[in-house]
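User: I have some questions about how the terms used for this model are justified. Please set each value against its definition.

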Amino acid sequence: MKDKRKIPAALAARLPRYFRCLRTMLLEGSFRTSSGELAERMNTTAAQVRSDLGYFDSHGQQGYGYSVKPLYTEISRALGTAEGYRAVFLGGTPGESLADEALFGGRGIRLCACFSDALYEREAVGSVTPVYPLEELEGYLASNPTEIAVLSPHYIIKEDFLERMKAAGVRGILNLSPAELPKDRGVAVINLMIGDLLMMLGAMVLENGRKEETEE
């Protein structure tokens with residue numbers, strides 16, 4: 001990346017989409033692409049693609065476009081996929097679809113253990129990830145340094161949760177639970193409420209219905 005500058009927040013939010021798109025193209029056997037093709041696949045504009053990818057050293061060349069593999073490698077590096085972060089999943093059940101190694105694999109994060117408020121006799125998710133009772137979480141983190149925690153939509157956050165996770169060495173939290181976690185300098189937090197997204201979708205469907213009625 002140019003001058004190892006900090007990635008702008010808006011660009012960082014779009015990078016996973018480039019990562020997925022370029023990975024698909026590699027699997028399809030594509031060696032090069034263009035801003036127009038990327039824009040079509042990602043439902044954006046070619047100008048936005050050129051602006052975004054101009055941040056990276058593997059920039060496009062007029063008349064040739066972008067080399068897929070070098071660009072994919074740079075974006076993967078920017079996303080930290082080679083860091084090998086460890087993750088724990090909190091809440092839910094062994095059948096929780098979000099606690100799936102395939103979701104974590106290939107993104108630089110390895111799901112190492114799941115913790116639930118019910119004891120499942122140490123069953124496994126995907127046959128390899130053990131499930132422990134929640135009361136064993138901090139003991140596990142003390143002997144197994146872990147950077148990331150993913151909270152199930154069913155997880156109940158206690159008042160001192162963030163402080164406890166910081167003390168245990170957790171550096172990032174993906175929060176899918178109903179309660180928002182505050183921003184904190186010591187821990188990167190993403191609050192993503194699936195219920196909110198469903199309501200947003202409902203509002204969009206309602207608005208589309210109003211537009212159809214108006215047009216009629």
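User: What makes you say that the buried residues of helix 2 pack against other elements, and which elements are they?

Analyst: This is a predicted model. Contact means heavy atoms within 4.5 Å. The partners of the buried residues of helix 2 are helix 1 (9–27), strand 1 (32–33), helix 3 (46–53) and strand 2 (66–67).

User: Which residues of helix 2 are called buried, and why?

Analyst: In helix 2 (residues 35–42) they are S35, L38, A39 and M42. Buried means under 20% relative accessible area, so each of these four falls under that cut-off.

User: How do you know whether they line one face of helix 2 or are spread around its axis?

Analyst: Viewed down the axis of helix 2, its buried residues fall within an arc of 100°, so they line one face. The general rule is that an α-helix has 3.6 residues a turn, so residues three or four places apart point the same way.

User: What is the phi of N43, just after helix 2?

Analyst: N43 takes a positive phi of about 55°.

User: What makes the largest pocket a pocket rather than a cavity?

Analyst: A cavity is a set of points where a 1.4 Å probe fits but cannot get out, whereas a pocket is an open set. The largest pocket has a volume of about 1,700 Å³. Its lining counts 32 residues, with P16, L79, I109, I148 and I190 nearest the centre.

User: Which element gives the largest share of that lining?

Analyst: Helix 1 does, with 7 residues. Helix 5 (101–104), strand 7 (148–151), strand 8 (172–175) and strand 9 (188–191) are among the elements that each supply at least two.

User: How many residues of each class line the largest pocket?

Analyst: The lining of the largest pocket has 24 nonpolar, 3 polar and 5 charged residues. Pro, Leu and Ile count as nonpolar, so P16, L79, I109, I148 and I190 belong to that class.

User: What is the volume of the second largest pocket, and which classes line it?

Analyst: The second largest pocket holds about 280 Å³ of space. Of its 14 lining residues, D117, L134, Y155, I156 and K158 are the closest to its centre. Helix 6 (137–143) and helix 7 (161–167) give two or more residues each. By class, this lining has 5 nonpolar, 4 polar and 5 charged residues.

User: What percentage of the chain counts as buried?

Analyst: Of its 216 residues, 35% count as buried, and the cut-off is again under 20% relative accessible area.

Technical notes
Residues numbered from 1 in each chain as written. Predicted model: local features only at pLDDT ≥ 70, side-chain atom pairs only at ≥ 80, totals over all residues. Heavy atoms only, no water. Buried < 20%, exposed > 50% of the residue type's maximum accessible area, 1.4 Å probe, protein only. Arc of directions from axis to C-beta. 1 Å grid on protein atoms, 1.4 Å probe; cavity = no way out; pocket = protein on both sides within 12 Å on 5 of 7 lines; lining within 4 Å. Points joined across faces, edges and corners; volume = space filled by probe spheres on them.
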